[in-house]
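Let's take a walk through the pockets, cavities and nonpolar cores of this one. Have the structure open as you read.

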Amino acid sequence: MKIILNIQRYNPATDKEPYFQEYHVEVNPNERLLDALMDVKRFQDGSLGFRKSCAHGVCGSDAMRINGKDGLACKTLVKEVAENDGDIITVEPLKNLPVQRDLIVNQGEFFEKYRSIKPYLINDEQVVEKERLQSQDERMVFDDTTNCILCASCYSACPVLEEQPMFLGPAAIAQAFRFLADSRDKGEDERLVVLDTPDGVWPCQNHFKCTQACPRSILITKRINQTKRMIEDDSKKDGTLS
Amino acid sequence: MIHQFDTVIVGSGGAGLYAALEASQRSKTAVLSKLYPIRSHTGAAQGGISAALGNVEEDKAEWHAYDTVKGGDYLVDQEAARILTEEAIQAVYDLENRGLPFNRTPEGRIDQRRFGGHTREFGKGPVKRACYAADRTGHMILQTLYQQCIKNNVSFFDEFQVIDLIMDGTTCKGVIVVELSTGEIHIFSAKAVLFATGGFGRMFRITSNAYANTGDGPAVCARRGIPLEDMEFFQFHPTGILGLGILISEAVRGEGGILKNRDGERFMERYSPTLLDLAPRDIVSRSIQTEVRAGKGIRGDGKIDDYVHLDATHLGKDILMSKLPDITDFCKTYLGVDPAEDPIPVLPTAHYAMGGIPTNVHGQVIGDGQGTVINGLYAAGECACVSVHGANRLGTNSLLDLVVFGRRAGQHIGEYVKHADMPEPDAEAAAEARAWIKQLMDGTSGPHGGHISDEMQTTMMEKVGIYRTEKEMQAAVDEIQALRTRYHSVRVQDSSKQFNTDLLEIIELGNLLDLSLITAASALNRQESRGAHSREDYPERDDDNWLKHTLASLDGDTVTIDYKPVDTSIWEPKPRSY
C-alpha cells in the first residue's frame with residue numbers, strides 16, 4: 001500500500017523552528033513503521049534523523065510520537081496506524097525532552113533522573129549462600145518493572161511533566177519500585193529521600209498515560225501508587241516509634 | 001579534541017560494561033559507545049546463561065567444557081573452554097549478587113533449563129544448565145551491569161563512533177572517534193584499548209542482529225593490519241521469525257517446543273536421534289534447510305525462503321507466560337500468531353559470528369600466527385575470537401563468553417596499565433580519518449549506500465549462507481569486491497554536522513563490506529565442512545588438513561590467509577554425532 005509519512009523535521013543549527021515534510025512510501029501493511037522510515041532514509045532522504053537499533057522492541061532506541069501516541073516505531077505495524085492507500089501517518093519526536101535533530105531527542109535529563117533514584121541493588125551484607133535466596137513469589141512482586149527498556153515513551157506521555165518539568169517522571173519511579181520491592185534490597189532509606197519530595201512521587205495524578213504508552217506493558221501507574229504507599233507506611237512506622 | 005585515559009573501552013554491551021567495571025576500579029577509564037549503553041544488543045539475548053551450578057540436577061563444569069568443544073566441532077581452543085566453564089559458576093553467582101533477577105527454583109535458588117547441545121556425562125542426554133530470567137536474560141545482564149556502572153561512577157561517552165585505531169608497530173596507542181551529536185573528530189589517547197563492539201550479522205539479509213551490529217571493531221582492526229580469525233564460521237540460528245529474522249529463543253525448544261515439517265512430522269528424529277530438537281544450532285539449521293529443499297517446508301515449493309513450524313501449543317499458556325513472555329509477545333505483534341494456539345512459522349536467521357579479533361584468554365589481541373601480542377590492544381565478547389566457540393557456538397555460551405572474558409580483559413588491563421607508558425598525544429594521528437570523512441562529505445554526488453547495502457546482504461545470504469559451494473562463494477567474493485569499488489564513490493547526502501546519521505550509516509556500511517569480503521574469502525578457502533561451515537563440494541570434516549584456525553588479513557583489496565594451531569590438549573577430536 002502507499003502511505004504518506006508526515007515527519008517533523010528540525011535541525012537546531014540551521015532551522016528557526018520545526019516544520020513538517022511529507023514522504024510517499026510503498027509499504028506492506030504488515031511491515032513496521034521503522035521499515036517505512038528506513039525506506040525513506042536509505043532511498044529518498046539520507047538527512048532524516050532518527051535512532052534505531054534492535055528493530056524488535058527490546059532496545060528502546062526508536063521511541064517517537066506516532067499519530068500523537070508515544071511508542072516504538074519497530075513495535076508499531078503500518079496497518080495499526082494506516083488503513084487505506086494515501087493515509088497520512090504523522091511522526092514527531094518525543095515530548096518533554098529537547099529535540100537535537102528531527103526525531104532525535106536529548107535523553108540526558110531522563111537518564112539523570114533515572115540515576116538519581118540509585119537504580120542498583122543496595123545490600124552490603126555478606127552473601128552466606130552462593131546466591132541470595134529468593135522465592136519465585138518474591139521475585140514476581142517486581143517482575144514487570146524489570147522489563148523496562150528506558151525508551152522514555154512514558155516520559156513523553158506524562159501530562160504532569162508538561163506542567164512540572166522537574167518531576168522525576170514515570171520510568172524513574174517505576175525503577176525505584178523495582179529495587180524497593182526486591183526482597184534482596186536494603187536501600188529503602190536512601191531512595192525514599194529522593195522519592196518523598198515535591199518533585200518526587202507526589203506530583204503523579206493518576207492520568208495513566210504512562211501505563212498506556214509503555215511498549216513493555218508495565219503497570220507504571222500502579223507501581224507509582226505502590227511506591228507512594230511504601231512512603232506512607234514508612235512515615236507511619238516512624239510516627240509510632242517517636 | 002584530544003583526550004587522555006589509561007583505558008578506553010569501545011562498546012557498552014555485556015563485555016564492555018563488565019570490563020569497564022573491572023578496569024575503572026584500577027585505572028582512569030572511558031567507555032565509548034555509538035548507542036546509549038542500555039541499547040546494546042546484549043539486551044536482545046533471550047534464553048539463558050549456562051553454568052554447571054547443579055541447582056536442578058547433577059552437573060559438572062567438565063561436562064560443560066566437553067559440550068562446548070564438541071559443539072564447536074573441535075575447533076575450540078580447549079584450555080579456553082575449560083576456563084570459560086569453570087569461571088561460569090562464580091560469574092553467575094556474581095551477577096545474582098549484583099542484583100540480577102533470575103527465575104527461581106521452589107527452594108529459592110537460581111532456576112535452570114535445557115538448551116541445545118548441553119548434556120550430562122559427555123553426551124548421554126540433555127541437562128538443565130541454562131540459568132535464566134524469563135526469556136530476557138540478556139536484557140537483565142545488560143541492565144544489571146549498567147546499574148553497577150552507575151553505582152561505580154564509570155565515565156561514558158555516549159554516541160561516539162570509532163573510525164580508526166592508533167597503532168605504532170605492535171603497540172596500540174588509542175582510537176579515533178567521531179562524536180555523533182556534533183560531528184567533531186576526537187583523539188582518545190590511551191595505554192589500553194578494548195574493543196567490545198559486538199557482532200556483524202547485518203552483512204546478511206535475514207538476521208536476528210540489530211542495525212548497530214556492523215562489526216566496527218573487527219573492521220577497524222582489519223584495516224590496521226590485524227588478521228581476523230575463523231571468519232568463515234557464522235552461525236545461523238534455526239528459529240527466526242519468518243521474513244523478519246527476529247530471534248525465537250532456543251528456550252522454546254528447551255521448554256519442550258517441537259519443530260515440524262508440512263506433514264506434521266518431528267523431523268529432528270531423523271537427524272539427531274538423541275538430542276532431537278535440542279541438537280546444536282548448526283545441525284538444526286541444516287536439517288531445516290534440507291527439509292525445505294526436499295519440498296517438506298510448509299509451502300512445499302522448495303524455495304530458500306520456505307519455512308517450517310515451531311510448535312509450542314502443548315506447553316500451555318502458563319509456561320508461555322511465565323517462561324517465554326517476550327517470545328509470545330513477538331509472535332503476536334509481528335505474526336499475529338498466539339503460540340499457545342498455533343505453531344510459529346520459523347526459518348534460520350543469521351545470528352552470531354564465531355570468528356573475530358584473535359585474542360588469548362586475557363583478552364589480549366594476537367597479531368599473527370606466532371602468538372605475537374599487540375601491546376595495549378584487547379577484545380572481548382562477540383567481536384573477539386578466543387576461541388571458545390570454534391566452528392559452532394552452543395546456545396547460552398555467548399552471554400557466558402562476554403561475562404567471563406569481559407571481566408578477565410578488564411582485570412588484565414587494570415594490571416597492564418600500571419606499568420605501561422602513557423602515549424604522547426599526536427594530533428596527526430587523526431589525519432587519515434579526517435581525510436576520509438572530508439571526502440565522504442565533500443558535497444559531490446555519488447551513489448547512495450542503500451542499494452550497495454541491499455546487494456551486499458542478498459549476496460551474503462544467498463552465496464555464503466548455510467550450505468556453500470566453491471562456485472557460489474567465488475561469485476560472492478567477486479560481487480563484494482565490485483560493491484567495495486562502488487563504495488569508494490559513495491557520498492553523504494546530509495551536509496549537517498549535528499547527528500549526521502547518514503555519515504554513520506556509510507561508515508558502518510564500509511565496515512560490513514570489508515568484513516563480508518573477509519568472511520567470503522575465508523569460507524572459499526576452507527575446503528572441508530565443519531560446524532557452521534557446510535560445503536556441498538567438501539561434505540566431510542577433514543582433520544588432517546583443516547584442524548587449524550584461519551587468520552585472514554586485509555591488504556588493500558586482497559585477503560591473504562594464514563593459519564594457527566588449535567589447542568586440543570584435553571580431548572582428542574572425534575566424529576561428532578548427537
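## The second largest pocket

At about 600 Å³, this is the second largest pocket in what is a predicted model. Its lining takes in 22 residues, and the ones nearest the centre are B:Arg223, B:Trp436, B:Arg484, B:His488 and B:Asp514. Sorted by class, that lining has 10 nonpolar, four polar and eight charged residues.

Several elements of chain B chip in with at least two residues each: strand E7 (160–168) plus helices H5 (216–223), H12 (431–440), H14 (470–487) and H15. H12(B) is the top contributor here, with five residues.

## The largest pocket

Now for the largest pocket, which holds about 940 Å³ of space. Here 40 residues make up the lining, and both chains show up among those nearest the centre: A:Arg42 from one, and B:Arg202, B:Tyr211, B:Asp454 and B:Gln457 from the other. The class split is 14 nonpolar, 12 polar and 14 charged.

Which helix supplies the largest share of this lining? That would be H1(A), with seven residues. Helix H1 spans 33–43 of chain A, and along with H13 (449–463) and H15 of chain B it belongs to the elements that each give at least two residues.

## The second largest cavity

There are 11 cavities of 30 Å³ or more in the structure. The second largest of these has a volume of about 230 Å³. Among its 20 lining residues, A:Arg51, A:Lys52, B:Lys34, B:Leu35 and B:Leu504 sit nearest the centre.

H15 turns up again: this helix (residues 501–525) of chain B gives the most to the cavity lining, with four residues. Overall the lining breaks down into nine nonpolar, four polar and seven charged residues.

## The nonpolar cores

Nonpolar side chains tend to be buried together in soluble globular proteins. In this model, the largest nonpolar core counts 122 residues, and A:Ile3, A:Leu5, A:Leu195 and B:Ile49 have the most contacts inside it. Helix H11 (residues 397–419) of chain B accounts for the largest share of this core, nine residues. Separate from that is a second core of 78 residues, including B:Ile187, B:Ile357, B:Val490 and B:Leu554.

What does B:Ile49 touch, leaving out residues up to four places away in sequence? Its partners include B:Val92, B:Leu95, B:Phe102, B:Ile141, B:Leu399, B:Leu400 and B:Val403. B:Arg129, B:Ala130, B:Cys131, B:Thr137 and B:Thr396 are also on the contact list of B:Ile49.

Methods. Residues numbered from 1 in each chain as written. Chains lettered and ligands numbered in written order. Predicted model: local features only at pLDDT ≥ 70, side-chain atom pairs only at ≥ 80, totals over all residues. Heavy atoms only, no water. 1 Å grid on protein atoms, 1.4 Å probe; cavity = no way out; pocket = protein on both sides within 12 Å on 5 of 7 lines; lining within 4 Å. Points joined across faces, edges and corners; volume = space filled by probe spheres on them. Nonpolar A, V, L, I, M, F, W, Y, C, P; charged D, E, K, R; others polar. Core = buried A, V, L, I, M, F, W, Y, C linked by side-chain atoms within 4.5 Å. Buried < 20%, exposed > 50% of the residue type's maximum accessible area, 1.4 Å probe, protein only. Contact = heavy atoms within 4.5 Å.
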